[in-house]
Amino acid sequence: MEHKDYDFGLVGLGVMGRNFILNVADNNFKAFGYDLDTEKVDALKTEGGNLERVNATSDIKTFVDALAQPRKIMLLVPAGKIVDSVIENLLPFLAKDDIIIDGGNSFFTDTDRRETYLQEKGIHFFGSGVSGGAEGARKGPSIMPGGNKEAYQHVKPIFEAVSAKFKGEPCVAYLGPKSAGNYVKMVHNGIEYGLMQLTSEIYDLLRKSCGLTNEELHATFDAWNKGRLQSFLIEITSEIFEQKDDKAEGYLVDKILDKAKQKGTGKWTSQNAMDLGIPVPSIDIAVSMREISALKEERVLADTLYDRPKPGKIDKNELLTMAEEALYFAFITTYAQGLHQLADASKEYQYQLDMSVIAKIWRAGCIIRAGLLEDISSAFSADKQLPNLLLAPTFVPKVQETVASARELVAYAAKSGIPLPGLSNSLVYFDAYTSSNLPLNLIQAQRDYFGSHTYERTDMEGIFHTEWGA
């Protein structure tokens with residue numbers, strides 16, 4: 001290799017990696033890729049065109065030698081052991097102060113471990129979430145870097161150039177030390193699970209209660225996307241209903257098996273929220289529903305064993321109005337739960353996260369981008385210590401105006417045998433969070449009765465235990 005002046009290296013030339021490195025090259029940075037698969041190497045060379053601008057190899061030494069120092073190498077490979085394997089393969093060819101960036105969905109504790117390991121070898125390492133799918137990687141993703149701030153400065157011009165832009169602002173920002181970037185991406189994905197579940201439930205309700213056709217569903221979601229529900233997920237949902245099946249008659253969505261898969265980030269969000277003691281029921285149930293969906297054969301059998309009520313009569317226009325309001329309410333509560341988890345994790349793990357900045361970099365490029373995030377960013381900008389979005393003065397009227405429809409739809413669906421677990425959990429979360437008095441006093445009494453676990457009182461300070469029944 002004659003030239004050793006490529007600005008940026010990328011390991012993993014699958015669809016995401018190839019699109020990301022082409023994005024880098026399009027923004028006037030010289031980029032060099034590496035993949036063991038020679039077909040992927042050749043595909044990048046062909047698509048990139050100018051080898052002085054973007055090149056690739058399947059030889060790891062050639063790859064590393066092509067990069068200007070300090071080398072900036074991003075990994076876009078599956079999370080897990082393969083990340084450690086790639087790091088070990090790179091190490092013999094790296095020099096002090098070179099930088100490795102994990103752009104995959106790695107679990108945050110793995111990022112902390114890798115950073116410590118590489119720091120001892122004089123190599124900088126940090127995790128950086130990338131959201132937006134293959135199209136986002138090519139045209140501009142939302143990027144969530146954390147870790148060593150000094151090392152990030154070397155990559156900052158590249159990331160700001162390739163990221164999505166919202167009103168001219170790059171959708172990337174340094175988020176905090178250690179695994180802050182991977183953690184924020186994890187919770188981003190948890191919120192994504194929640195929003196997708198909610199959207200699917202409203203679709204199910206509209207087709208089962210009033211028999212909306214795919215054409216009507218397309219028109220409904222398209223109209224919603226032009227209003228306060230404007231978001232990437234609502235937009236693509238409207239487009240899905242238009243897609244005709246290229247293998248048979250009718251629409252494709254009606255032929256897709258109702259078994260949803262998952263890669264684990266939603267589960268990680270839910271599990272870690274439990275570790276932190278933060279309630280995220282809208283995310284929890286979204287994970288559970290994917291697990292229930294996998295039980296297809298059992299569900300089909302169970303459907304034959306139990307009677308199900310017929311959906312009650314309801315005016316179509318009234319239903320559409322309530323559905324839009326309920327979905328908006330549930331979107332707010334889902335974002336509130338995820339951001340609450342981020343705020344608490346920031347304290348627990350010393351991330352120093354700024355909720356306003358996180359909401360800003362989610363406004364474009366990422367899967368959960370939505371018009372709502374502009375208001376969310378403003379709310380946290382107005383009060384940096386805001387513990388929960390539901391306490392923001394600007395969001396109180398938004399919730400008050402829409403929660404009644406959530407109640408109506410949950411009640412209607414329950415009577416009609418239509419499952420709305422995401423909406424139900426969003427409503428339960430809201431009602432519990434806004435209740436000054438919960439029945440947990442009885443639970444504390446029960447715990448003290450059978451296990452002498454003690455309790456506190458409302459009328460005096462201290463810790464108490466009672467010999468019950470004595």
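Which residue does Arg363 form a salt bridge with? The partner is Glu169, and the closest N and O atoms of the pair are 3.4 Å apart. Arg363 sits in the loop between α15 (355-361) and α16 (372-382) while Glu169 belongs to strand β9, so this bridge ties together parts that are 194 residues apart in sequence. Keep in mind that this is a predicted model. The domain assignment splits the protein into domain 1 (8-174), domain 2 (185-434) and domain 3 (440-469).

**Domain 1 meets domain 2**

- Taking C-alpha centres, domain 1 and domain 2 lie 32 Å apart. Their contact draws on 22 residues from domain 1 and 19 residues from domain 2.
- The size of an interface is often given as the accessible area lost when the parts come together. Here, domain 1 and domain 2 bury about 1,600 Å² between them, with 66% of that on carbon and sulfur atoms.
- On the polar side of things, 5 residue pairs are in polar contact across the interface of domain 1 and domain 2, counting pairs with both residues at pLDDT 80 or more.
- On domain 1, the side that touches domain 2 gets at least two residues from each of β6 (124-131), β7 (142-145) and β8 (165-166). By class, that side of domain 1 has 11 nonpolar, 8 polar and 3 charged residues.
- There are 2 salt bridges between domain 1 and domain 2.

**Lys167, worth a click**

- Lys167 pairs up with Glu374 in a salt bridge, and their closest N and O atoms are 3.8 Å apart.
- You'll find Lys167 in the loop between β8 and β9. Its phi is positive, about 50°, although Lys167 is not a glycine.
- Lys167 has a relative accessible area of 71%, so it counts as exposed.

**More on the salt bridges**

- The structure holds 28 salt bridges.
- Back to the opening pair: Arg363 has 9% relative accessibility and so counts as buried, whereas Glu169, at 36%, counts as partly exposed.
- Asp26 and Arg138 also meet through their side chains, in a salt bridge with an N to O distance of 2.5 Å. This one links distant parts of the chain, with Asp26 in helix α1 (residues 15-26) and Arg138 in helix α6 (residues 133-139), 112 residues apart.
- Both ends of that link are partly exposed: Asp26 has 38% relative accessibility, and Arg138 has a relative accessible area of 26%.
- Lys226 and Asp222 form a salt bridge too, the closest N and O atoms being 2.7 Å apart. Lys226 is exposed at 64% relative accessibility, while Asp222 is partly exposed at 28%.
- Then there's a network: Asp84, Asp102, Asp110, Arg113 and Arg114 are joined into one by salt bridges that share partners.

**Two buried loop residues**

- Ser179 lies in the loop between β9 (169-170) and α8 (180-210). With just 1% relative accessibility, Ser179 counts as buried.
- Which residues does Ser179 touch, not counting those up to four places away in sequence? They are Phe108, Thr111, Asp112 and Tyr351.
- Asp245 has its place in the loop between α10 (232-240) and α11 (265-276). At 14% relative accessibility it falls under the 20% cut-off, so Asp245 counts as buried.
- The side chain of Asp245 has a polar atom 2.9 Å from the backbone nitrogen of Lys247. A polar contact of 3.2 Å also joins the side chains of Asp245 and Lys255.
- Leave aside neighbours within four places in sequence, and Asp245 is in contact with Gly250, Tyr251, Leu252 and Lys255.

**Backbone oddities**

- Gln69 and Pro70 are joined by a cis peptide bond, with omega at about -5°. Pro70 is found in the loop between α3 (60-65) and β4 (72-75).
- Thr454 has a positive phi of about 70° although it is not a glycine. Look for Thr454 in the segment after α20 (440-451).
- Is Thr454 buried, partly exposed or exposed? At 26% relative accessibility, Thr454 counts as partly exposed.

Definitions and conventions. Residues numbered from 1 in each chain as written. Heavy atoms only, no water. Domains from an automatic or database assignment. Contact = heavy atoms within 4.5 Å. Buried area = accessible area lost by both parts, 1.4 Å probe. Salt bridge = Lys/Arg side-chain N within 4 Å of Asp/Glu carboxyl O. Polar contact = N/O pair within 3.5 Å; in protein donor to acceptor, adjacent residues only side chain to side chain. Helix = DSSP H or I, 4+ residues; strand = E, 2+ residues; numbered from the N terminus. Nonpolar A, V, L, I, M, F, W, Y, C, P; charged D, E, K, R; others polar. Buried < 20%, exposed > 50% of the residue type's maximum accessible area, 1.4 Å probe, protein only.
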